[in-house]
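Here are a few notes from my read-through, jotted down point by point. Have the coordinates open as you go.

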Amino acid sequence: MAAPRAHPAGRAPRGAAQRLRRRLARLRTLPPVRRPRPCPAPPPAAARRRAGAPVPARDPPRGGADLSRLRPGALAPGDRRAPGRRDAHLERGALVARLVSGPRPPGARPGLRDARLGRAPPARSARRRVSALLSIRDLTLGFAPRGGAAPAGAVLRELRLDLARGEVLALVGTSGAGKSLLAHAVLGLLPPNAELSGEVWFAGWRLDADTLPALRGRRIALVPQSVTHLDPLMPVGRQVALAARRAGVPDPGAAGFRRLGLDPALRAAHPHALSGGMARRVLLLAALVGEPDLVIADEPTDHLDPAGAAAVLEALAAVARRGGAVLLVTHDLVSALPFATRVALLRDGRLAGTEPASAFAGDGEGIASAYGRTLWRALPQNGFGANA
Ligand SMILES: Nc1ncnc2c1ncn2[C@@H]1O[C@H](COP(=O)(O)OP(=O)(O)OP(=O)(O)O)[C@@H](O)[C@H]1O
Ligand code: NI
């Protein structure tokens, strides 16, 4: 705004003074500007390293989310404030936009794209310890008993898992092993009675109620297992557009739908008019739209024919190729193998081993863990464990 010209007499003429008074009166009627709550700056890298936190070489936030305002590791293990609140939305069949995107963080600018998007990860220095993109440390999860029920044991136990940029880590295990809970625990989307301990770090940031809202749907995205996470009352095209807006990127429109093998005409359809496989691809599109660094995909190939499954896995592998990482929860190990770099085996809430994907070949001799060998040999194409 141009500065008002000074009047030679030192006072504005009457007409100008009236105009100024009117302007001031208009300004007073506007709602006050709300400033985001100031957060202390993050501690220096050295202090974070001393505290045992993984420290990235150089990994500033992007996508418009100013994480320099957030405190890494602000909450003690077990703090469940945000997860509980968010799960209320989840249990109500919460909107995919909210699940994959979350609210816009203070200071985030819509439409702002980071120039680093799509670039390779920073070069590793031999002298500097560079951590994984995602580090899960001693994660234990149980549920407080409800209504006088006997306390159940932990459903995830002392999990330690690292995921580096460029990796697609397939997380496999039998039904009920805890795969979805692990995915939800990373994203802070657990029910209020969940009791969580341990730590999850992403790009040097402790994931907690302070950091997650700024990261979810921007740098970390979830493809949920259930398609009920789509809003039943909103056309799916609008849901994708909403996810894009929250991530601060343009709506991919018809092109986005085509990219995942979906007819663009489906944008106007409500979720009930989509097949299970179509709905799953819409969820994937909504998750990938903001080009996140980390994608946690929970059974993204369910209900898909082999060609559809390959297209979905290819889209996920592309995330890793551009320098991101994917945690791929799947029952279908065989389909995932060509796209996975490693396989993590979850058994009754415990990690039974992590193996290179290349070990899952032939009779499974190259698989280090006994559980991995058993799972591999139990597959129909491997003789249902006849040689185990
Ligand atoms: N809210 C909850 N309260 C209590 N127990 C729960 C809750 N949610 C999940 N569980 C239990 O935790 C265990 C792991 O569930 P989870 O959904 O993570 O399994 P999963 O490995 O994803 O299985 P699937 O392959 O069938 O999807 C199950 O025994 C389940 O009953
Ligand atoms: Ni599951």
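Is Ser180 buried, partly exposed or exposed? Ser180 is partly exposed, at a relative accessible area of 22%. Keep in mind that this is a predicted model.

1. Start with the metal. Ser180 (OG) and Gln225 (OE1) are the protein donors of the nickel ion (ligand 2), at 2.0 to 2.2 Å from it. Ser180 sits in helix α5 and Gln225 in the loop between β6 and α7, so the two donors tie together parts that are 45 residues apart in sequence. Gln225 is also partly exposed, at 31% relative accessibility.

2. On geometry, the nickel ion (ligand 2) has four donor atoms with angles of 77 to 168° among them, and the site comes out as square planar.

3. Now the charged pairs. The count of salt bridges is eight. One of them joins Asp293 to Arg165, with 3.1 Å between the closest N and O atoms. Asp293 is in the loop between α9 and β7, Arg165 in the loop between β2 and β3, and they are 128 residues apart. Asp293 is buried, at 3% relative accessibility. Have a look at the network too: Arg165, Arg219 and Asp293 are linked by salt bridges.

4. Glu167, also from the loop between β2 and β3, reaches strand β9 across 175 residues of sequence. Its salt bridge partner there is Arg342, at 2.5 Å between the closest N and O atoms. Glu167 is buried at 12%, while Arg342 is partly exposed at 21%.

5. Last, Arg206 and Glu199 form a salt bridge at 3.9 Å, N to O. Arg206 is buried, with a relative accessible area of 7%, and Glu199 is partly exposed at 25%.

Terms used:
Residues are numbered from 1 along each chain as its sequence is written. Chains are lettered from A and ligands numbered from 1 in the order in which they are written. This is a predicted model: local features need pLDDT of at least 70, side-chain atom pairs count only at pLDDT 80 or more; totals for chains, interfaces and linings use all residues. Side-chain values use heavy atoms; hydrogens and water are left out. Donors are N, O and S atoms within 2.8 Å of the metal (3.2 Å for Na, K and Ca); water is not among the atoms, so sites may look incomplete. Four donors count as tetrahedral if all angles lie between 85 and 135 degrees; four count as square planar and six as octahedral if opposite donors are over 155 degrees apart and all others between 65 and 115; anything else is irregular. Helices (H or I, at least four residues) and strands (E, at least two) are DSSP runs, numbered from the N terminus. Buried means under 20% relative accessible area, exposed over 50%, partly exposed in between (1.4 Å probe, protein chains only). A salt bridge is a side-chain nitrogen of Lys or Arg within 4 Å of a carboxyl oxygen of Asp or Glu.
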